Amino acid sequence: MREHGFHVYRLANDYAAASYPAALARPAPAIRWHGPVTEMSDLVLSRTDAATLPSRS
């Protein structure tokens, strides 16, 4: 996908049910991801070239 102009971002998610209300109320921005994916992760592919993607609430 990088060859097609996409950048990879990772969303913060510890997958604990108790963390979801706070994450919905105040979402963290997606952070640019450079390394390999070695564990369960929520990824966003975007053509935006930035260190973080703005969170939307």
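Start by selecting Arg10 and Ile31: Ile31, in β2, is the bridge partner of Arg10. Arg10 itself lies in strand β1. Strands here are DSSP runs of E with at least two residues, and helices are runs of H or I with at least four residues, both numbered from the N terminus. The model is a predicted one, in which local features need pLDDT of at least 70 and side-chain atom pairs count only at pLDDT 80 or more, while totals for chains, interfaces and linings use all residues. Residues are numbered from 1 along each chain as its sequence is written, and side-chain values use heavy atoms, with hydrogens and water left out.

**Around Arg10**

Keep Arg10 selected and show its side chain. A polar contact of 2.9 Å joins this side chain to that of Glu39, and another, of 3.3 Å, leads to the side chain of Ser41. A polar contact is a pair of N or O atoms within 3.5 Å; within protein, one must be able to donate a hydrogen and the other to accept it, and residues adjacent in sequence count only if both atoms are side-chain atoms.

Next, display the residues that Arg10 touches. Leaving out residues up to four places away in sequence, they are Pro29, Ala30, Ile31, Trp33, Glu39, Met40, Ser41, Asp42 and Leu43. Contact means heavy atoms within 4.5 Å.

Move the selection to Glu39. It is found in the loop between β2 (30-32) and β3. From Glu39 to Val8 the C-alpha distance is 15 Å, with their positions 31 residues apart in sequence.

**Strand β1 and its two partners**

Select residues 7-11, which make up strand β1. Four of its five residues are buried, and the strand is mostly covered. Buried means under 20% relative accessible area, exposed over 50% and partly exposed in between, with a 1.4 Å probe and protein chains only.

Add β2 to the selection. β1 and β2 pair in the antiparallel sense over two bridges; two strands pair if DSSP finds at least two bridges between them. Tyr9 has Arg32 of β2 as its bridge partner.

Now swap β2 for β3. The β1 and β3 pairing is also antiparallel and runs over five bridges. One place to look is Leu11, which stands opposite Asp42 in β3.

**The whole sheet**

Select the four strands together. They form an open sheet in the order β3-β1-β2-β4, with antiparallel pairing. β3 and β4 (52-53) stand at the edges with a single partner strand each, so one side of each has no neighbour in the sheet.

**Ser46**

Go to Ser46, in strand β3 (residues 42-46). Is Ser46 buried or exposed? Ser46 counts as buried because its relative accessibility is 12%. A polar atom of its side chain lies 3.0 Å from the backbone nitrogen of Thr48. Leaving aside neighbours within four places in sequence, Ser46 is in contact with Gly5, Phe6, His7, Tyr9 and Leu53.

**The loop after β1, and the helix**

Select Tyr15, in the loop between β1 and α1. Its phi is near 65°, a positive value in a residue other than glycine. Tyr15 counts as partly exposed, at 30% relative accessibility.

Continue to Pro21, placed in helix α1 (residues 20-25). With a relative accessibility of 56%, Pro21 counts as exposed. Measure from Pro21 to Ala51 in the viewer: C-alpha to C-alpha they are 25 Å apart in space, and 30 residues apart in sequence.

**Zooming out**

Finally, select the entire protein. Its secondary structure comes to one helix and four strands, running β-α-β-β-β from the N terminus on. Along the principal axes, the C-alpha atoms fill a box of roughly 40 × 25 × 15 Å. Of the 57 residues, 16% count as buried.

Among contacts with a separation of 6 or more, 67% are between residues 24 or more positions apart. The protein exposes about 4600 Å², of which carbon and sulfur atoms supply 58%; these areas come from the Shrake-Rupley method with a 1.4 Å probe, and for residues only the protein chains shown count as cover.

Colour by charge as a last step. The mean positions of the 6 positive and 5 negative charges are 7 Å apart. Lys and Arg count as positive and Asp and Glu as negative, while His and the chain ends are not counted. Each charge is placed at NZ of Lys, CZ of Arg, CG of Asp or CD of Glu.
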